[in-house]
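Biologist: Could you take me through one part of this model slowly? I would like to begin with a single pairing and then see what surrounds it.

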Amino acid sequence: MRRPVIAANWKMHKTTGETRDFITQFVPLVEDVQDVEIVIAPPFTSLAVAAKFLKGSNVKLAAQNLFWEEKGAFTGEISPIMLRDVECEYVIVGHSERRQYFGETDETVNKRVRAAHQAGLKVILCIGETLEERESGKTFDVLKTQLSGGLKEIDAPDMLVIAYEPVWAIGTGKTATPEQAQEAHQFIREQLSGIYGAQEAQKIRILYGGSVKPENVASLMSQEDVDGGLVGGASLKPDSFAEIVKNAIKEA
Ligand code: PGA
């Protein structure tokens with residue numbers, strides 16, 4: 001059975017002080033949770049303080065992005081080695097906001113995935129269709145292209161988590177129905193099976209993202225191919241994020 005992952009994507013929220021306050025409140029709320037892998041992705045400036053306060057806990061650290069070069073004249077960028085240095089285990093790559101506002105393409109997403117893997121970072125690769133693409137029947141084409149582009153020449157499926165995030169559901173309060181999520185997740189697993197073989201594809205966790213809340217996480221998790229969530233807005237408060245973690249525990 002795949003171990004569920006619940007990951008917090010804080011986006012551009014929280015100073016170092018707010019990060020410390022969140023973690024000191026949140027960690028005790030989830031210290032008994034064993035059946036869910038818990039991940040928090042604060043902004044770059046909070047990674048070091050988060051690493052310090054998460055030490056010894058069952059909560060893992062992720063970054064929200066990275067650059068693909070090791071070092072050099074790339075003003076404003078952060079390298080995979082720098083993320084390892086602050087004890088990140090995961091990095092989110094290809095979030096739709098990066099694609100939409102910062103010009104990321106499947107090609108640059110792929111460079112990031114490769115660089116992350118080479119540095120030993122696990123990747124949460126985000127893919128998902130816009131409303132327009134869904135309404136014009138292109139959802140599967142988009143998912144297929146983003147997957148094959150993002151995963152080009154990536155041969156480490158064990159270092160990979162996929163996040164299906166329909167763009168129309170992000171920050172809108174409009175969640176995909178469990179059936180819509182399952183349909184997309186099943187399609188994604190079939191594609192992964194084509195790339196890595198059925199056995200490996202069965203092991204890859206596919207998370208749903210887009211207005212996940214304490215109230216809807218269990219119904220999403222009840223779907224066979226939904227293995228967790230990538231949570232934005234509802235991950236910013238310790239109580240709400242802890243409730244999501246607890247409600248995500250799958251019935252055996
Ligand atoms: P949301 O964001 O939970 O606020 O919709 C999810 C995401 O963008 O990862």
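In strand 6, which residue is the bridge partner of Ile124? Please take a close look at strand 5 and its neighbours while you are there.

Modeller: Gladly! One thing to keep in mind throughout is that this is a predicted model. The partner of Ile124 is Val161, which belongs to strand 6. That pair is part of a parallel pairing in which 5 bridges join strand 5 to strand 6, residues 160-164.

Let us stay with strand 5 for a moment. Strand 5 runs over residues 122-127, and 5 of its 6 residues are buried, which leaves it mostly covered. Strand 5 also pairs with strand 4, residues 90-93, again in the parallel sense, here over 4 bridges. In that pairing, Val123 of strand 5 has Val91 opposite it.

From strand 6 we can carry on to strand 7. These two strands are parallel as well, with 4 bridges between them, and Ile162 stands opposite Ile206 of strand 7. Strand 7 covers residues 205-209, and 5 of its 5 residues are buried, so it is largely enclosed by the rest of the structure. The side chains fit that picture: Arg205, Leu207 and Gly209 point one way from strand 7, Ile206 and Tyr208 point the other way, and all are buried. It is worth pausing at Arg205, as it is listed among those buried residues.

One more step takes us to strand 8, residues 228-231, which pairs with strand 7 in the parallel sense over 2 bridges. There, Tyr208 in strand 7 has Gly229 opposite it in strand 8. Put together, you can walk from strand 4 to strand 5, on to strand 6, then to strand 7 and finally to strand 8.

A separate pairing is found earlier in the chain. Strand 2, residues 37-41, and strand 3 are parallel and share 3 bridges, with Ile40 opposite Leu61 of strand 3. Strand 3 is mostly covered too, with 4 of its 5 residues buried.

Now for the ligand. It is surrounded by 13 residues, and the closest are Lys11, His95, Glu165, Gly171 and Ser211. By kind, the shell holds 4 nonpolar, 7 polar and 2 charged residues. Three contacts with ligand oxygen atoms are good places to zoom in. His95 uses its side chain, with a polar atom 2.7 Å from an oxygen atom of the ligand. Gly171 uses its backbone, where a polar atom is 2.7 Å from a ligand oxygen. For Gly232, a backbone N or O atom lies 2.8 Å from an oxygen atom of the ligand. Taken on its own, the ligand has 290 Å² of accessible area, and the protein covers 94% of that.

Lys11, one of those closest residues, deserves a second look. You will find Lys11 in the loop between strand 1 (5-9) and helix 1 (16-30). Its phi is positive, about 55°, although Lys11 is not a glycine. Lys11 has a relative accessibility of 21%, so it counts as partly exposed; the cut-off for buried is under 20%. Glu87 is another residue other than glycine with a positive phi, near 70°. Glu87 sits in the loop between helix 3 (80-85) and strand 4, and with 45% relative accessibility it counts as partly exposed.

Two further loop residues help with scale. Ala73, in the loop between strand 3 (59-63) and helix 3, is exposed with a relative accessible area of 77%. Its C-alpha atom is 25 Å from that of Glu97, 24 residues away along the chain. Lys138 is in the loop between helix 6 (131-135) and helix 7 (139-150) and is partly exposed at 43% relative accessibility. Between the C-alpha atoms of Lys138 and Phe26 there are 40 Å, with 112 residues separating the two along the chain.

Finally, let us step back to the whole protein. It has 11 helices and 8 strands. The radius of gyration is 17 Å, close to the 18 Å given by the globule rule for 252 residues, so the protein is as compact as a globular protein of that length. Along the principal axes, its C-alpha atoms fill a box of roughly 45 × 45 × 35 Å. Of the 252 residues, 53% count as buried.

Conventions
Residues numbered from 1 in each chain as written. Predicted model: local features only at pLDDT ≥ 70, side-chain atom pairs only at ≥ 80, totals over all residues. Heavy atoms only, no water. Buried < 20%, exposed > 50% of the residue type's maximum accessible area, 1.4 Å probe, protein only. Pairing = 2+ DSSP bridges. Near = heavy atom within 4 Å. Polar contact = N/O pair within 3.5 Å; in protein donor to acceptor, adjacent residues only side chain to side chain. Areas by Shrake-Rupley, 256 points an atom, 1.4 Å probe, with all protein chains shown as cover. Nonpolar A, V, L, I, M, F, W, Y, C, P; charged D, E, K, R; others polar. Rg over C-alpha atoms; globule rule 2.2 N^0.38 Å.
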